Structure formats: C-alpha cells, structure tokens
Amino acid sequence: MTELSTAVSLILTHTTDGISGEFSPSTFPEDDFESELSSFIDCLLLFGILIILIIFICGLVGNAIVIYYLCFILKKNPITTYILNLAVADACVLVSAVVFSFSLTKSDPNSLVSISQDLIFYTYTTSGYLLTAISVEKCLLVVFPIWYRCHRPEHLSAIVCALIWAMSSLFFGTDFFQIQSTITFQVISTINSVFCPIVVVICTVVLFTKVCCSLHRRPRGKFYTALLLALLFFLIFGVPFSALMTLLSFQLIDIQSMLWEPLICMTCAIINSSVNPFLYFLIGRGKKHRPREPLKVVLERVFSDKDDCTENQNPPAMTDSMKMTS
C-alpha cells in the first residue's frame with residue numbers, strides 16, 4: 001500500500017509548494033493562465049483539506065460520544081453491541097488517517113507511514129465487515145422473524161464482533177511482520193470492494209422493501225431508518241476507497257499518474273467513518289420531539305430493540321391461539 005502514501009504525499013507536497021511559494025508578478029504574470037489556474041487549484045485543495053479536517057473533528061467527537069454512551073449509560077442489547085464496535089472501528093479509521101497524514105510531513109516517515117496505512121486499511125475493513133454483519137442480521141430478522149427468534153444464539157452479536165476484530169488483527173499482525181503475501185491482500189481487497197457491497201446492496205433492497213414498501217408492514221424502530229441511511233452512505237462513500245485498494249493490489253492502475261483520485265477516496269473514507277453518529281442523533285431526535293431532549297433519550301430511541309422483540313413474539317402467540325380455536 002505504499003502507492004497510496006506516495007500519491008497522497010505528492011498531493012500534499014504540491015499543495016505546500018503552492019501555498020508557500022512567492023506569488024510575485026515576475027513568477028506569476030497576470031496573463032499566464034496556467035499559473036492562475038495552478039494557484040486556484042492550490043487554494044481549492046487547501047479549502048478541501050480544511051473541510052476534511054472539520055469533518056474529521058466532528059466525526060471523531062461524534063464516535064467518542066456514541067462509544068461513551070454505549071459503554072457506560074445505555075442498556076446493552078444486540079444492536080448496541082454492533083454499534084459500539086462499529087463506532088470504535090470508525091474512530092480508529094479517523095485516528096489512523098491523521099497519523100498517516102502527519103507521518104507524510106516527517107523527513108523519514110517510512111516506518112510510521114507503513115504502520116498507519118495498514119491501520120487505516122484494516123480498521124476500515126473491520127468497519128465494513130461490521131456494517132455488513134448488521135445488515136445481514138436485520139435482513140434475516142425482517143424476512144424470517146420466527147426462524148430468527150428460534151435459532152439465533154444469545155450472544156451472536158458479541159461473537160461476530162470478536163471474530164471480525166480477531167480476523168482484522170491477524171491480518172494486520174501478519175502484514176506488520178511481513179508474513180502476509182500479496183495474494184492475501186488481493187483477496188481482502190476484493191472482498192471489501194466486491195463481496196461486501198453486493199451483500200449490502202441486497203440487504204438494503206430487502207430492508208427497504210420490507211420496512212418501507214410492504215403493504216402489511218409493521219411499525220419499526222428508528223434504527224431501521226438509521227441503518228438504511230448508513231448503508232446508503234457506505235455504498236456512496238465507503239466503496240471508492242475499497243475499490244482503489246483493489247486496483248492497487250492488482251496493479252491495474254499507475255498511482256504516480258493520479259493526482260486527485262487518492263485524495264478523493266481518502267476523503268470519502270473519512271466521511272463514511274464520520275457520518276453514522278450524526279445519523280443516530282438526527283433520526284433519534286425527530287420532528288415531533290422536544291428540541292432540547294437529553295442525548296440519552298435520543299440514543300435510546302434509536303437503539304431500542306422493543307419493536308423487534310414485539311414482532312418476534314407475535315407470530316408464536318398467533319399460532320398458539322389458532323391451535324386453541326382449532
């Protein structure tokens with residue numbers, strides 16, 4: 001993944017040179033269109049980096065708030081287990097991105113760049129796998145509610161999260177100690193950019209059909225709305241970074257000839273890792289509730305699983321009543 005760091009460092013170097021250069025009339029005459037365009041691009045890139053920094057700060061604070069409330073305040077349930085691990089993974093992506101960008105400014109950044117870019121890739125992979133697992137489980141719940149209630153293990157959420165973290169840690173460890181082969185990296189990148197998006201698209205369509213378009217739909221909790229939006233943001237902002245990693249792993253593109261694409265993909269990854277807490281806050285607050293509602297109440301409204309429990313209990317009760325009447 002050194003190609004990504006090379007491309008981003010070239011972008012940052014180009015931006016720094018443009019900002020720190022002396023814009024004298026002899027160097028940049030007024031009739032020199034290319035110089036004016038270069039200056040405009042430098043200013044635009046600086047503005048974009050400032051926006052990215054604001055998004056990063058807001059995303060890191062939002063994920064930290066979600067982690068705090070889910071760890072110490074809110075009641076635990078299968079939903080909160082997944083969301084807690086997802087928030088931790090997203091926060092790790094954001095911190096790794098900052099370390100990666102900071103390491104590019106050092107005179108000898110090789111070791112720090114290598115570690116930080118590996119952290120970005122594997123924490124981003126963990127985040128994608130967790131979101132995919134949430135979508136699959138909720139999809140099974142709405143499609144097979146009785147089977148889901150009867151066959152779901154009690155601690156499935158914790159087991160799935162532990163397996164995903166263990167797998168990502170194993171891959172990171174083998175990559176850090178240079179045990180991992182190129183084929184392994186290609187397989188992981190392909191899963192991230194092909195398999196996970198396909199599963200997410202299928203689950204999104206099924207959830208949207210069952211939750212929003214069904215003629216006999218039941219009232220669902222607000223978490224389904226937050227999940228659908230999170231899946232949509234993942235498909236828009238999460239897939240480009242995974243696709244870039246896949247193309248780099250198979251050496252299908254020349255990163256030296258790319259200028260904006262790596263920065264755009266990194267920006268999309270930061271947005272994808274920052275947006276979820278704001279979805280929880282906005283959807284949990286809603287239009288019909290008080291504007292200054294406690295944050296605990298807002299998050300409880302989103303992460304409550306009462307509707308799922310009610311739905312799971314209704315079908316067996318109807319079956320028993322039918323047996324009594326017969």
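Which residue forms a salt bridge with Glu293, and how many Å apart are the closest N and O atoms?

## The Arg301 and Glu293 pair

In this predicted model, the partner of Glu293 is Arg301, and their closest N and O atoms lie 2.7 Å apart. Glu293 has a relative accessible area of 11%. Because buried means under 20% relative accessible area, Glu293 counts as buried.

## The Glu137 and Arg152 pair

A search of the whole structure gives two salt bridges. One of them joins the side chains of Glu137 and Arg152, with a distance of 2.6 Å from N to O. This pair links distant parts of the chain, with the two positions 15 residues apart in numbering. Glu137 belongs to helix H4 (residues 110-143), whereas Arg152 lies in the loop between helix H5 (145-151) and helix H6 (156-176).

Are these two residues buried or exposed? Glu137 is buried, at 6% relative accessible area. Arg152 has a relative accessibility of 19%, and it therefore also falls under the 20% limit for a buried residue.

## Cavities

The structure holds three cavities of 30 Å³ or more. The largest cavity contains about 50 Å³ of space. Its lining consists of Tyr124, Thr125, Gly128, Tyr129, Asn192, Cys196, Phe234 and Ser242. The elements that contribute two or more residues to this lining are H4, helix H7 (182-213) and helix H8 (222-249).

Which element supplies the largest share of the lining of the largest cavity? That element is H4, with four residues. By character, the lining residues divide into four nonpolar and four polar, with no charged residues.

Note on methods
Residues are numbered from 1 along each chain as its sequence is written. This is a predicted model: local features need pLDDT of at least 70, side-chain atom pairs count only at pLDDT 80 or more; totals for chains, interfaces and linings use all residues. Side-chain values use heavy atoms; hydrogens and water are left out. A salt bridge is a side-chain nitrogen of Lys or Arg within 4 Å of a carboxyl oxygen of Asp or Glu. Buried means under 20% relative accessible area, exposed over 50%, partly exposed in between (1.4 Å probe, protein chains only). On a 1 Å grid over the protein atoms alone, a cavity is a set of points where a 1.4 Å probe fits but cannot get out, and a pocket is an open set with protein on both sides within 12 Å along at least five of seven lines; lining residues have an atom within 4 Å of a point. Grid points are joined across faces, edges and corners, and a volume is the space filled by probe spheres set on the points. Ala, Val, Leu, Ile, Met, Phe, Trp, Tyr, Cys and Pro count as nonpolar, Asp, Glu, Lys and Arg as charged, and the others, Gly among them, as polar.
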